[in-house]
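Reader: I have a structure open on my screen and would like to go through it with you piece by piece. Could you keep the answers plain?

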Amino acid sequence: MSALNRVPSLLTRAGTASALTIAAVGGSIVVPGVASDAEAATVASKALQVAASKKGSPYKYGATGPGRFDCSGLTLYSFKKAGKKLPRTAQQQYNKTKHISASSRKLGDLVFFHSGSNVYHVGIYAGKGKIWHSPKTGDVVRLQKIWTKSVWYGRVR
């Protein structure tokens with residue numbers, strides 16, 4: 001029997017178990033309302049896949065899909081399909097995410113383009129310095145290299 005399978009019997013015998021006991025036998029602790037790193041990674045990778053599946057969809061200001069998107073409409077739609085709710089605008093999405101450094105960014109994190117303290121654009125990090133985004137009127141959802149250093153990163157929780 002694996003250590004993980006013994007956790008319930010340990011809990012039954014002892015009545016309760018400390019976090020150290022659970023960790024020692026390879027168990028995990030679930031805290032309501034707090035996503036694990038693995039869960040966050042799964043949500044982010046699913047959102048990234050959804051955004052990529054919208055390749056070629058036309059940009060439309062204020063659109064949230066499923067056939068047309070503006071930048072924050074694409075991120076809102078992608079994360080909604082992955083099971084997470086985001087606010088409507090790029091600035092509101094930035095305010096809602098956990099802010100992370102460029103060196104900590106991972107696939108599926110949000111990339112926020114800013115001028116001073118104002119966020120004006122958002123995309124989903126796809127690795128190798130690229131994002132999936134819906135750029136502007138006359139353009140379509142596409143994968144593009146990040147073109148400026150004026151970006152911040154946020155992780156959806």
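Reader: Let me start with a turn: in the hairpin of β3 and β4, which residue takes a positive phi?

Author: Please keep in mind throughout that this is a predicted model. In that hairpin, where two residues sit between the strands, Lys128 has the positive phi, near 55°.

Reader: And how many bridges join β3 to β4?

Author: There are three bridges between β3 and β4, and the two strands run antiparallel. Within this pairing, Tyr125 has Ile131 of β4 as its bridge partner. Ile131 also stands opposite Gln144 in β5, and β4 and β5 pair through four bridges, again in the antiparallel sense.

Reader: What is the order of the strands in the sheet?

Author: The sheet is open and has six strands, which follow the order β1-β6-β2-β3-β4-β5 with antiparallel pairing. The edges are taken by β1 (98–100) and β5 (142–145), and because each of these has a single partner strand, one side of each is left without a neighbour in the sheet. On average, and ignoring direction, neighbouring strands of this sheet are turned by 45° against each other.

Reader: Over how many bridges do β2 and β3 pair?

Author: Strand β2, residues 110–115, pairs with strand β3, residues 118–127, over six bridges in the antiparallel sense. To pick out one position, the bridge partner of Leu110 is Ile124 in β3.

Reader: Which helix lies across those strands?

Author: That is α4, residues 71–81, which lies across β2, β3 and β4 (130–133) and runs at about 50° to β3.

Reader: How many of the residues of α4 are buried?

Author: Nine of its eleven residues are buried, so α4 is largely enclosed by the rest of the structure. The buried residues are Cys71, Ser72, Gly73, Leu74, Thr75, Leu76, Tyr77, Ser78 and Phe79. After the helix comes Gly83, which has a positive phi near 100°.

Reader: Which residues touch the most other members of the largest nonpolar core?

Author: That core has 22 residues, and those touching the most other members are Phe79, Leu110, Phe112, Val122 and Ile124. At least two core residues come from each of α3 (37–53), α4, α5 (90–96), β2 and β3, and α3 supplies the largest share, with five residues.

Reader: Staying with Phe79, what is it in contact with, leaving aside its neighbours within four places in sequence?

Author: Beyond those sequence neighbours, Phe79 is in contact with Val43, Ala44, Ala47, Lys84, Leu86, Gly108, Leu110, Ile124 and Val156. Apart from the largest core lies another one, of eight residues, which include Ile100, Tyr125, Ile146 and Val151.

Reader: Now something else: is Gln49 buried or exposed?

Author: Gln49, which lies in helix α3, counts as exposed because its relative accessibility is 57%, and the cut-off for exposed is over 50%. Its C-alpha atom is separated by 9.3 Å from that of Ala82, although the two residues are 33 residues apart along the chain.

Reader: Last topic, then: what volume does the second largest pocket have?

Author: Its volume is about 190 Å³. The lining of this pocket consists of 14 residues, and the closest to its centre are Tyr61, Asp70, Cys71, Ser72 and Ala90. The elements giving two or more residues to the lining are α4, α5 and β3, of which β3 gives the most, with three residues.

Conventions: Residues are numbered from 1 along each chain as its sequence is written. This is a predicted model: local features need pLDDT of at least 70, side-chain atom pairs count only at pLDDT 80 or more; totals for chains, interfaces and linings use all residues. Side-chain values use heavy atoms; hydrogens and water are left out. Two strands pair if DSSP finds at least two bridges between them. Axes are lines fitted to C-alpha atoms, for helices over the stretch in contact, and angles run from 0 to 180 degrees between N-to-C directions. Contact means heavy atoms within 4.5 Å. A nonpolar core is a set of buried Ala, Val, Leu, Ile, Met, Phe, Trp, Tyr and Cys residues joined through side-chain atoms within 4.5 Å. Buried means under 20% relative accessible area, exposed over 50%, partly exposed in between (1.4 Å probe, protein chains only). On a 1 Å grid over the protein atoms alone, a cavity is a set of points where a 1.4 Å probe fits but cannot get out, and a pocket is an open set with protein on both sides within 12 Å along at least five of seven lines; lining residues have an atom within 4 Å of a point. Grid points are joined across faces, edges and corners, and a volume is the space filled by probe spheres set on the points.
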